[in-house]
Amino acid sequence: MIATSDITGMVLAGGRGSRMGGVDKGLQPFAGQPLARHALQRLAPQVGPLLVNANRHLETYRAWGVEVVVDTEADYPGPLAGFLAGLLHCRTPWLLAVPCDTPRFPADLAARLVAAAEAAQAPLALAHAPDTEPAAPHADAASAATAIHAPPLRAQPAFCLIHTSLLASLQQFVSAGGRKIDRWTALHPLAVACFDQPGDDPLAFANANSLQELHALEGLHAAVPKMENR
Ligand SMILES: Nc1nc2c(ncn2[C@@H]2O[C@H](COP(=O)(O)OP(=O)(O)OP(=O)(O)O)[C@@H](O)[C@H]2O)c(=O)[nH]1
Ligand SMILES: [Mg+2]
């Protein structure tokens, strides 16, 4: 039985943010606060200790009172480097990574990934969800949100529950030049939790890669603020 206190929650904010013009995405404002802080607050009730994975503006992140972990590999090798930084600093049996750019991720994300990992007796669990992109700014944001059709489920690999026993495997994979999350997760038993149940927020996995997407998502969020999952 995996307890909340067995899980360290980590917000991934270590990317290049190139589609956002190279800004530090975790510090971009969303609904009145920085994206990464928004994600931390969403994660906090679901886990025990918290971490932020960042590679820039470390003092700004530390000022939030959270431990900040930095990639060991230079030149932005991708989110797996963030997983590795988290596992190196994780003092609980499990690490739950979430990206900073998906501010409406489910309030029961950890519970459902844990249930999947326990059921499959797996050291890894990934979220699968409809791949919703925030629509372009819309005059009637509420109807834009509800007009989203059910797209096919897709792995959301940056949302990953990882047992810390996989540290050596990840270290080896990354130092051999591995960069793709799915290539690494394929090396281990992998559980999947699907977030397409009735009542699930269709915008839960909408992520903002450009400033236009961020503003569109912010508009939808203001119009449809309820983020219930069941
Ligand atoms: N630690 C770490 N995290 C990364 C790296 N690249 C991406 N991420 C994180 O992975 C998650 C998904 O990243 P993307 O949206 O694909 O990439 P991004 O760097 O934020 O933005 P782009 O440069 O526009 O692709 C985000 O939370 C990023 O912060 C990296 O090199 N190191
Ligand atoms: Mg993204």
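A residue is taken as buried if 20 or more other C-beta atoms lie within 10 Å of its own, as exposed if 12 or fewer do, and as partly exposed in between, with C-beta atoms placed from the backbone. The model is predicted, and local features need pLDDT of at least 70, side-chain atom pairs count only at pLDDT 80 or more, and totals for chains, interfaces and linings use all residues. Residues are numbered from 1 along each chain as its sequence is written, while chains are lettered from A and ligands numbered from 1 in the order in which they are written.

A good place to begin is the ligand. Around ligand 1 there are 22 residues, of which G14, G15, R19, G82 and P99 come nearest (near: C-beta atom, placed from the backbone, within 6 Å of the molecule). Two or more residues of this shell come from each of β1 (7–13) and α3 (79–89), and α3 gives the largest share, three residues.

The UniProt record, in an unreviewed entry, lists L12, A13, G14, K25, N53, D71 and D101 under "binding site"; such annotations may be inferred rather than shown by experiment. Two of these positions are followed here.

N53 is found in strand β4 (residues 50–54) and is buried, because 28 other C-beta atoms lie within 10 Å. Leaving aside neighbours within four places in sequence, the contacts of N53 include M10, L12, G14, V69 and G82 (contact: C-beta atoms, placed from the backbone, within 7 Å).

D71 is placed in the loop between β5 (67–69) and α3. D71 counts as buried because it has 20 C-beta neighbours inside 10 Å. With neighbours within four places in sequence left aside, D71 is in contact with G14, N55, A81, G82 and A85.

Definitions and conventions. Helices (H or I, at least four residues) and strands (E, at least two) are DSSP runs, numbered from the N terminus. Two residues are in contact if their C-beta atoms, placed from the backbone, lie within 7 Å.
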